[in-house]
Amino acid sequence: MVFWGFNMTIFNLDEVYNIVNEKIENRADFILKLLNKLDRGRNTNYSNLPPIIILDGMDGAGKGVYKDLIIKYLISKGYKVDCVKEPGDYMRKEILKTINKKGDPWVATALFILDRKYQYNKLTECKFDKKTVLVFDRSYISTLVYQSAQGIDFNVLLKLHDFVPKHKLAFVFVCDPLVARKRILERAVKEGKEIDEFEKLEFLKKTKEGFTDVINHIEHSYLIDTTGDEKDIPKIFDKVSKILDEKIDF
């Protein structure tokens, strides 16, 4: 299989999967070498990108609901909003396949980071209107939490994301794991999907702890607890909108 970048062959996917043959202490350097290949001859200056707002958090916390509200709010303030979803189309299928296999977490880590780098590189090619805001639906924060929950050193993961440009705001959504579990089950029934390992109660408890702690390591980040039902959404969003009002003068 071929790993494509900017319409040019960069390296084979087999190279990514070869990370499992590396010693644990060498795996971060292995990923950095692949990142360097992806960067070769590309524009990696992200300083001219529009302001970035990150929306992240645990499964079942209702991130999608608040994403729609935030986008509408920004538009009402006169901003143009471009959404960036992670993972991107570049490596999404390969990432989902790897996760579903429940293989070595370092493989998924490498794929997520490479996909993320590719997306940022592509964004440098885009022309943005004035007063544009980039809203990221998930981000490197998820990789920090989910991959560290699977045993990869948090500080190593943080170092591997040195390339990520500074964001203006990061909203991290969490809720009571039992509430999250109930929402996930209801959604699974509605969509006819099965629950995966990352949506089971024990893992939800672990990821809530991870997302609650991660804001101590991320600048300009705000923890938003969405525990409650539909009638609580306006009250919770009021907290979000006040933060936006404070920081929105980009």
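Colleague: Helices (H or I, at least four residues) and strands (E, at least two) are DSSP runs, numbered from the N terminus. With that in mind, where is Glu 86 found?

Modeller: Glu 86 is in the loop between β4 (80-85) and α4 (92-101). One thing to keep in mind as we go: this is a predicted model.

Colleague: Is Glu 86 buried or exposed?

Modeller: Glu 86 has a relative accessible area of 7%, so it counts as buried. The cut-off for that is under 20%. Along the chain, Glu 86 and Asp 137 are 51 residues apart, yet their C-alpha atoms are separated by 6.1 Å.

Colleague: OK, stepping back. How many helices and strands does the protein have?

Modeller: The secondary structure comes to 10 helices and 7 strands. There are 250 residues in the protein, and 49% of them are buried. Take the contacts between residues at least 6 apart in sequence: 78% of those join residues at least 24 apart.

Colleague: And what's the average pLDDT?

Modeller: The average is 89, and 89% of the residues score at least 70. Residues 1-9 are a stretch to treat separately, since pLDDT stays under 50 there. Even so, the model has 30 contacts for them beyond four places in sequence.

Colleague: Let's talk about α6. How many of its residues are buried?

Modeller: The count is 9 of the 10 residues, so α6 is largely enclosed by the rest of the structure. The buried ones are Tyr 140, Ile 141, Ser 142, Thr 143, Leu 144, Val 145, Tyr 146, Gln 147 and Ala 149.

Colleague: What covers them?

Modeller: The cover includes two strands, β3 (52-57) and β6 (169-174), along with helices α5, α7 (154-160) and α9. Just after α6 there's also Gly 151, which takes a positive phi of about 105 degrees.

Colleague: Pick a residue in α6 for me. What does Leu 144 contact?

Modeller: Setting aside neighbours within four places in sequence, Leu 144 is in contact with Phe 154, Leu 157, Leu 158, His 161, Val 214 and Ile 218. With 0% relative accessibility, Leu 144 counts as buried. Its C-alpha atom and that of Phe 211 are separated by 8.9 Å, with the two positions 67 residues apart along the chain.

Colleague: You listed α9 in the cover. At what angle do α6 and α9 pack?

Modeller: Helix α6 (residues 140-149) packs against helix α9 (residues 201-214) at about 135 degrees, and the axes are 9 Å apart. That angle makes α6 oblique to α9. The crossing is right-handed.

Colleague: Which residues meet there?

Modeller: From α6 you have Ile 141, Ser 142, Leu 144, Val 145, Tyr 146 and Ala 149, and they meet Phe 203, Lys 206, Thr 207, Gly 210, Phe 211 and Val 214 from α9. By class, that contact has 8 nonpolar, 3 polar and 1 charged residues.

Colleague: α8 packs on α9 too. How far apart are those axes?

Modeller: They're 9 Å apart, and helix α8 (residues 177-191) meets α9 at an angle of about 125 degrees. So α8 is oblique to α9. Here again the crossing is right-handed.

Colleague: Which residues of α8 and α9 meet?

Modeller: Pro 177, Leu 178, Ala 180, Arg 181 and Ile 184 in α8 meet Leu 201, Leu 204, Lys 205 and Lys 208 in α9. The contact divides into 6 nonpolar, no polar and 3 charged residues.

Colleague: Change of topic: α2 and α5. Why is α2 described as roughly parallel to α5?

Modeller: Helix α2 (residues 27-39) and helix α5 (residues 105-123) pack at about 25 degrees, with axes 10 Å apart. Angles under 35 degrees count as roughly parallel, so α2 is roughly parallel to α5. Their crossing is right-handed.

Colleague: Which residues are in that contact?

Modeller: The α2 side has Arg 27, Ala 28, Ile 31, Leu 34, Leu 35, Leu 38 and Asp 39. They meet Trp 106, Thr 109, Ala 110, Ile 113, Leu 114, Lys 117, Tyr 118 and Asn 121 in α5. That's 10 nonpolar, 2 polar and 3 charged residues.

Colleague: Last one. What does Thr 109 touch?

Modeller: Not counting residues up to four places away in sequence, Thr 109 touches Ile 31, Gln 147, Ile 152 and Leu 157. Ile 31 is in α2, while Gln 147 is one of the buried residues of α6. Thr 109 counts as buried as well, because its relative accessibility is 0%.

Terms used
Residues numbered from 1 in each chain as written. Predicted model: local features only at pLDDT ≥ 70, side-chain atom pairs only at ≥ 80, totals over all residues. Heavy atoms only, no water. Axes fitted to C-alpha atoms, helices over the stretch in contact; angles between N-to-C directions. Parallel < 35°, antiparallel > 145°, perpendicular 65-115°, else oblique. Left-handed = near helix turned anticlockwise from the far one by under 90°. Contact = heavy atoms within 4.5 Å. Nonpolar A, V, L, I, M, F, W, Y, C, P; charged D, E, K, R; others polar. pLDDT = per-residue confidence, 0-100. Buried < 20%, exposed > 50% of the residue type's maximum accessible area, 1.4 Å probe, protein only.
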